[in-house]
Amino acid sequence: MSHPSPPHQPTQIVFGMPTPAEVVAGTALELRSQPVPPPGWTPPWTREEDEEEEEELELPTEPMTVNMGPSHPAMHGTVRIVLTVEGETVRAADVQVGYLHRCFEKEAEAATWTQIFPYTDRLNYVSPLLNNVGYALAVEKLLGITDRIPERAQYIRVIVGEMSRITDHLTCLGASAAEVGALTVFFWMIKAREWLWELIEELTGARLTNSYVRIGGVAADLTPDFAPRLRDLIRRVRQTLGEVESLLVKNRIFRDRMDGVACFSPQEAVAWGWTGPCLRSTGVPYDVRKDHPYLVYDRFDFDVPVGSRGDNYDRFAVRMEEMRQSMRILEQAIEQIPPGPVQIDDPRISLPPKREVYNTIEGMINHFKLIVDGIKVPAGEVYSYTEGGNGELGFYIVSDGTGRPYKCRVRPPSFILMQSLHKLIVGGGIADVIPTFGMINMIGGECDR
Amino acid sequence: MAKADLDKLVATFPEAIVATHSHCGDETAVVLPSHLSEIMRWLKESGGFDLLVDLTAVDYLGRDPRFEVVYHLRSMQTGNRLRIKVQIGEIEGGPPPEVDSVVSIWPAANWMEREVWDLYGIRFAGHPDLRRVLLYEEFVGHPLRKDYPKERRQPLVRRENLLP
Amino acid sequence: MLEFLIEHTWLQALIKMALLILAFVMPLASLSTWAERRQSAMMQDRLGPNRAELRLGSIELRLWGILHFVADALKMVFKEDVVPARANRFLFGLAPILAIAPVIITFAIIPFGSDLCVGHAFEVLRDPASMCTSTIPLQVARIDQGFLFYFALASLAVYGTTLAGWASYNKWSLLGGLRASSQMMSYEVTMGLSLMGAFLIYGTLEPHAMVLAQGPTPSSWGIVTQPLAFFIFLTAAIAETKRAPFDLPEGEPEIIGYFVEYSGMRFGIFFLAEFVETIFLAAVVTTVFLGGWQVPWLYPDGFHLMGWTLELPHLAVVLIQLVVWSLKIIVLCWLQLLIRWTLPRFRPDQLMRLGWKQLLPASLINIVVTAGVVLARSGGR
Amino acid sequence: MAQAPHAPQEPTEGSKPRRGRVGVRVVGRPDSLEQRLYLPEVLRGLGVTMRHFFANVVGRKYTVTVQYPEEKAPYPERFRGLHRLMHREDGSVRCVACMLCPTACPAHCITIVAEDTGDGKEKRPKIFEIDELRCVVCGLCVEACPCDAIRMDTGRHAPAVVHRGDAILGKVDLLKLGGPSQATQGGKGATWREEQ
């Protein structure tokens, strides 16, 4: 996979959050514009003066240590945060992860290249197909077959990937909304996620543990009625998102909880290795799909949403907008998708059709060789990266030329986001820990591997 | 282009570069552990590589030096990427292998270095808080080393005080 | 028999209290535990609990799952009652009682119907003042300081939650208890002040007199004369009930709540107390702002609307008033559930800001304006 | 392609695929007096939920619940469920104990012990066991099978069991779920993979 360096200057168009109708009508672009924050800009978040005065007036309190997690209603996945609180204010925090560690890398070293797909399903388990795609691209980069993947397979990978991104963001935003008390929003979003998963189940055979992508293509072609069903689904998801926005975006209770909470400057974010929606919330427009286009992402029109203050609200709004953009990509992809095979035509990589396996001795031998020995990946090392649900999902693969990886490291975006969680929550209230943690969107399977 | 960055690095630190390659388009430089801090600081400040994308290690059992710590960098200005590797050996029966920590250059290295310590047993000199991160403190051994048997079982033993 | 009752008001009060609580409040509270789930399900595009059913031979009574509250109650009763090892057992046991008792007692001041005129039940009452000699007031206790009694008792309820938080020997529940006490103390002030305007207009603190003062024309009801106070009071009172969006003491995803260590029926009592509080809140709002048991254009002798008259016997009038009063309460309960499942939760500092910086000044302005208007209307006397 | 302003050129056949336009958009932070006053937006939100409430109470308009034991959501054709072993026309198991499925299985949940059929040509499984508790339902065994002996298209979940041992399905159990396979030698494969 050769990532071309970014040839284009991003068009810096800026506007308020468009309504679904505006997106559909395409009028959203004509709204007001303002420049993207320059590098070196820091969020204008200053504490209200009277709050500082209040703090001086407050009685001294004794610090208390409380355990948030590993089993706590708000901890999705299992994570432990040891908080030192003074009253309601968090004074120190120690974030401890690893409760879901299940040796992805050790297991991967013992599996064939194809057998790793089920493991990647379980990395970020709310967007498994993105992991499937990311891993397949890494192996293909090492095999040197990136350019030979059939176009249809590339489009299918984009489609399932973007569907997974939507489910990822729906889960993240829904769960966070539930945690700030808007449970109705949670159910609406989970409802929309369920529609997506139903379609994914029809396509891949499973809702969550899809194992759908293969090295050299995908396991199966789209179902015959996939495109109309996806169009209908996009319409319904848009409607749901509009309803969610009407409940949250302008609601002052919600805005007060999210605005100005857990601000991070672009410099800090880059220094702490942030990627994905969280980095974009600080105003840095880095999206792997835009800056290092892979698959056929350079053929679609889409916008990369960025925030302006790097607070929880920006993270919320960026994800919200990203779902809209994913739906735009989906619409273009099902429009553009060409007919053709979905597996690379290379007997060293893809399994022969069953007909040949059943009927010809060559097919049978080829089949046996591929299953027993695995795909032979030439020796070497490669780092391949895609835009996962939470940020740059990288796979660093070392092969020694056998049918099994010598090392298969995954760069987990949420693990790297989690290490700066303490920076975000110290100084805030206990009540702020929850939306902040939710907006980081730590997925246990990906973080702990 | 990333190749230019690599050339510049080689030109600036000719004595510290062990090898370079551009396999699959990934520009890679293997540097001496003694110069790691210096090179990394230069890359961050002069090379513009402000995002530490990934930090991991590979265990080449039976090779000398045995371990390789791998850094993936990205420049947010140019979008170029660079892979820096540093090879460290292991002294039989000696202290665990050690390289300089880059936490002071990129805070993002914090947990990734902890993870490498946790899973590979490579220490990072100057790390502020080198604890295990994915496994529990009582765990014996470093499971991603090639000589750690995959089937080995280690039940979680209890510690008296669970607070750090 | 009736004479005996009329003479012995204490017995009357006891019977009325028992009827009010056992026949109205408790069933309604139990039903609202079902309604909360069912309604939230309907709002969230789910079905909610609908499977509890009663089987009598071949007859299956499902009734949209209403029987769930029975199952719920049974579950609560039969669950193991766990007391944490280092909890203060006495206070731990006392807290739920302290949480529910004040609310139930305060129901005594709520008038749920106009006075029942014994002896003229089946006649059309043209002139109640002269015709009725012996009446049974449909209100448990008619005390002059009415709403002061309510404020006094309502502030007791905070002890239940705070004690529960402290006695369970758990840091999270302690945080919940502290949140509860700060929240309830802050909002009590606003709650009291927001009703002050209504007191000025009605010229009384006694609920029954307030209902009479509002009369059967909706244009003179509190919601029309005191719209600002209505919203302030509703907000503050919902905050008092500790339900979303003001459920900080509970705040499940944050601090889990002051009753985190409670189980079985002790938890059930907290749970029930919350619903009793919502009903009580509905009753107060009805009394002060929605004309209590008054039915639009229903006078003691029947309906009078734009020259059109329908005469009704006294008993029918009272019954209609009773039913309408219940309906008003049920609608208000429904509204509270709707609010509870729509809005996100506040954060403690936001809550304090809303209470002290927005609602309190607004209620003070309301008092001043109302006082001015009342003074001007009465000609400065 | 609903975004008319973005799509200046349609992809033309035969030519190089067009490049998409990637923009950067700053998400808005709507802020208005209306919103600062709490009430208007709260009432609007209540209106939205109220609409859902009444639409669902009256006509179940938005309700998506499937009441499981009575109603069942249909399983799609490709759904990967419980395994089954196919048999030939004469009722004998199709499996020839080639060991590809245990090799392909990432969870190592398949155990096969082979035996001779006696005709000197083929083998068959003496023991064929699948531990459904270990199975990760990835479908790689079906893909690996060279004689269409194992399939996962039963449209059934692995059932809940009381003892762990009950989750290990043997040859007999799997054959009971199976049917005659159409993948006769020389014929067309029966899986949906074939249809591309």
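Author: A residue is called buried when its relative accessible area is under 20%. The model discussed here is a predicted one.

Reader: How does that cut-off apply to D:Gly45: is the residue buried or exposed?

Author: D:Gly45 has a relative accessible area of 3%, and because the limit for a buried residue is 20%, D:Gly45 counts as buried. The residue belongs to helix α2 of chain D, which spans residues 39–59.

Reader: Which residues is D:Gly45 in contact with, leaving aside its neighbours within four places in sequence?

Author: D:Gly45 is in contact with A:Leu247 and C:Thr342. As for spacing along chain D, D:Val57 lies 12 residues from D:Gly45, and 18 Å separates their C-alpha atoms.

Reader: How should one read the interface of two chains, such as chain C and chain A?

Author: The accessible area lost when the parts come together is often used to express the size of an interface. Here chain C and chain A bury about 2,700 Å² between them, with 57% of it on carbon and sulfur atoms. Chain A contributes 36 residues to the contact and chain C contributes 26 residues.

Reader: How many salt bridges and polar contacts are found across the interface of chain C and chain A?

Author: The rule finds two salt bridges there. A salt bridge joins the side chains of C:Arg347 and A:Asp432, at 3.0 Å from N to O. Polar contact is found for 11 residue pairs across this interface, both residues being at pLDDT 80 or more.

Reader: Which helices of chain C supply at least two residues each to the side that touches chain A?

Author: They are α8 (171–202) and α14 (348–377). Helix α14(C) gives the most to that side, with five residues. By class, the side of chain C that touches chain A has 12 nonpolar, 10 charged and four polar residues.

Reader: What should one look for in a nonpolar core?

Author: Nonpolar side chains tend to be buried together in soluble globular proteins. In this model the largest nonpolar core has 196 residues, and those touching the most other members are A:Ile81, A:Val97, A:Met418, B:Tyr71 and B:Ile84. Helix α6 of chain A (residues 151–179) provides the largest share of this core, 12 residues.

Reader: Which residues does A:Met418 touch, not counting residues up to four places away in sequence?

Author: Within chain A, A:Met418 touches A:Val79, A:Val95, A:Val97, A:Phe437, A:Ile440, A:Met442 and A:Cys447. From chain B, A:Met418 touches B:Trp111. There is also a second, separate core of 79 residues, including C:Leu20, C:Ala29, C:Trp293 and C:Leu354.

Note on methods: Residues numbered from 1 in each chain as written. Chains lettered and ligands numbered in written order. Predicted model: local features only at pLDDT ≥ 70, side-chain atom pairs only at ≥ 80, totals over all residues. Heavy atoms only, no water. Contact = heavy atoms within 4.5 Å. Buried area = accessible area lost by both parts, 1.4 Å probe. Salt bridge = Lys/Arg side-chain N within 4 Å of Asp/Glu carboxyl O. Polar contact = N/O pair within 3.5 Å; in protein donor to acceptor, adjacent residues only side chain to side chain. Helix = DSSP H or I, 4+ residues; strand = E, 2+ residues; numbered from the N terminus. Nonpolar A, V, L, I, M, F, W, Y, C, P; charged D, E, K, R; others polar. Core = buried A, V, L, I, M, F, W, Y, C linked by side-chain atoms within 4.5 Å. Buried < 20%, exposed > 50% of the residue type's maximum accessible area, 1.4 Å probe, protein only.
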